[in-house]
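Colleague: Could you take me closely through one part of this model, the packing of its helices, and then add whatever you can say about individual residues elsewhere in the chain?

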Amino acid sequence: KLAWLLDHVEGARENAENGEALFGTIDSWLVHKLSGGASHITDTTNASRTMLMNLRTLDYDEDMLALLNIPKACLPEIRSSSEVYGRTSGVGFLPDGIPIAGIAGDQQAALFGQACFEKGEAKCTYGTGCFLLLNTGDEIVFSKHGLLTTVAATVGGETSYALEGAAFVAGAAVQWLRDGLEWIDSASEIEHHANKVSDTGDVVFVPSLAGLGAPHWRPKARGLLAGFSRDTTKAHVCRAVLEGIALQNRDILEAMKKDAGALAHLKVDGGASANGLLMQMQSDFLNVKCIRPEVIETTGLGAAALAGLAVGIFDTKEDLRKVWKENATFAPTMPVAMRDKTLEKWARALSKA
């Protein structure tokens, strides 16, 4: 996008080369505005998603800049995820002098908010889509199974990395049932209907309504709802939609296991994590415990925690572990034969989608 702008907008390249036109992701823009134009920065987590930063050096990669013909002068300085970057100035709705102190990408902030500080700890955020991140510590793991490699956070001079897998449709599938098909009146209603039956009655749903993300990467795939009989009810379809969300996450977690080893448990957050049936399904299909915290909006919590470390509200990451509180744990209860049968149906439906 930046390369296109520089090539097609009159005067853009000249201004960018002079440092008069600046480029950054939303964090850079916010800090620039909050600091009265004093700071043009980003952090390692956001910079790692621009395709311009070298994961090893944590600086812009000269080869990538040359390949895309992007002048370094327009790019924000890359800083850590937790430090005082500047102070508010001339904002109007805020007093001057408030420290601006924490930056992280959406999913990295959620990983931090879940206190997944150690290698092997993982979280899944259930929003419009699903985002699974596995902390790989100081090791940069380049996936051989369709996952992305990213910076998890840079704090106190130490950088941790993560593997990420994204499923494009999760909560959006429930929204589709509500707004597209008009089968339910509210998102929370799906759990009520799904609990009316003990299984899906052989109905299977592949939630590829916007293509398939990790680890398949098939953007032209489309949603599939199959296995109907005369006995099929709305309850079976509702249950199948929840199963489909959980099963696509299993595909991502299986890829993570191949790349980086097995998980002890998975921490869960985001709006749909409030759905107890979905979380139980997730635990059953993964065959690991799923742990839900009291605060499920962990992206905001993680950003606040990074800022709190920078300004001394917290002294160490261990202090943050004490802030994190468990709400519920879901342990696998599904018989192996039932899980195997469901996985077999899922594999068949996935191949058709």
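Modeller: What follows begins with helix packing and then turns to single residues and backbone features.

Please keep in mind throughout that this is a predicted model, and that the values below are computed from it.

I would start with helix α9, which spans residues 234-260 and packs against helix α10, residues 276-286, at an angle of about 40°, with the two axes 9 Å apart. An angle from 35 to 65 degrees falls outside the ranges that count as roughly parallel or roughly perpendicular, and α9 and α10 are therefore described as oblique to each other. The crossing of α9 past α10 is right-handed. On the α9 side, the residues that take part are R239, L242, E243, I245, A246, L247, N249, R250 and L253, and on the α10 side they meet L277, L278, M281, Q282, F285 and L286. Sorted by class, the residues of this contact comprise 10 nonpolar, two polar and three charged.

Helix α9 also has a contact with helix α7, residues 171-180, and here the packing angle is about 160°, with the axes 9 Å apart. Because an angle over 145 degrees counts as roughly antiparallel, α7 and α9 are placed in that class. This crossing, of α7 past α9, is right-handed. A173, V174 and L177 of α7 meet V237, C238, V241 and I245 of α9, and by class the contact holds seven nonpolar residues, with no polar and no charged ones. I245 of α9 is thus a residue to look for in both places, since it is listed in the contact with α10 and in the contact with α7.

Away from the helix pairs, T150 deserves a careful look. T150 lies in strand β9, residues 148-155, and with a relative accessible area of 0% it is buried, because the cut-off for that class is under 20%. The side chain of T150 is joined to the side chain of S48 by a polar contact of 3.0 Å, and it makes another polar contact, of 3.2 Å, with the side chain of Q108. Leaving aside residues up to four places away in sequence, T150 touches S48, R49, L55, Q108, Y161, A162 and E164.

S28, in helix α3 (residues 26-34), is likewise buried, with a relative accessible area of 2%. Setting aside residues up to four places away in sequence, S28 touches I41, T42 and P76. For a sense of distance across the model, the C-alpha atoms of S28 and G270 are separated by 25 Å, while these residues stand 242 residues apart along the chain.

Some backbone features in the loops complete the picture. The peptide bond that joins A214 and P215 is cis, with omega about -5°, and P215 sits in the loop between β11 (204-206) and β12 (224-226). E182, in the loop between α7 and α8 (189-194), has a phi near 55°, a positive value in a residue other than glycine, and E182 is exposed, with a relative accessible area of 64%. D202 is placed in the loop between α8 and β11; the phi of D202 is near 75°, again positive in a residue other than glycine, and at 42% relative accessibility D202 counts as partly exposed.

Key: Residues numbered from 1 in each chain as written. Predicted model: local features only at pLDDT ≥ 70, side-chain atom pairs only at ≥ 80, totals over all residues. Heavy atoms only, no water. Axes fitted to C-alpha atoms, helices over the stretch in contact; angles between N-to-C directions. Helix = DSSP H or I, 4+ residues; strand = E, 2+ residues; numbered from the N terminus. Parallel < 35°, antiparallel > 145°, perpendicular 65-115°, else oblique. Left-handed = near helix turned anticlockwise from the far one by under 90°. Contact = heavy atoms within 4.5 Å. Nonpolar A, V, L, I, M, F, W, Y, C, P; charged D, E, K, R; others polar. Buried < 20%, exposed > 50% of the residue type's maximum accessible area, 1.4 Å probe, protein only. Polar contact = N/O pair within 3.5 Å; in protein donor to acceptor, adjacent residues only side chain to side chain.
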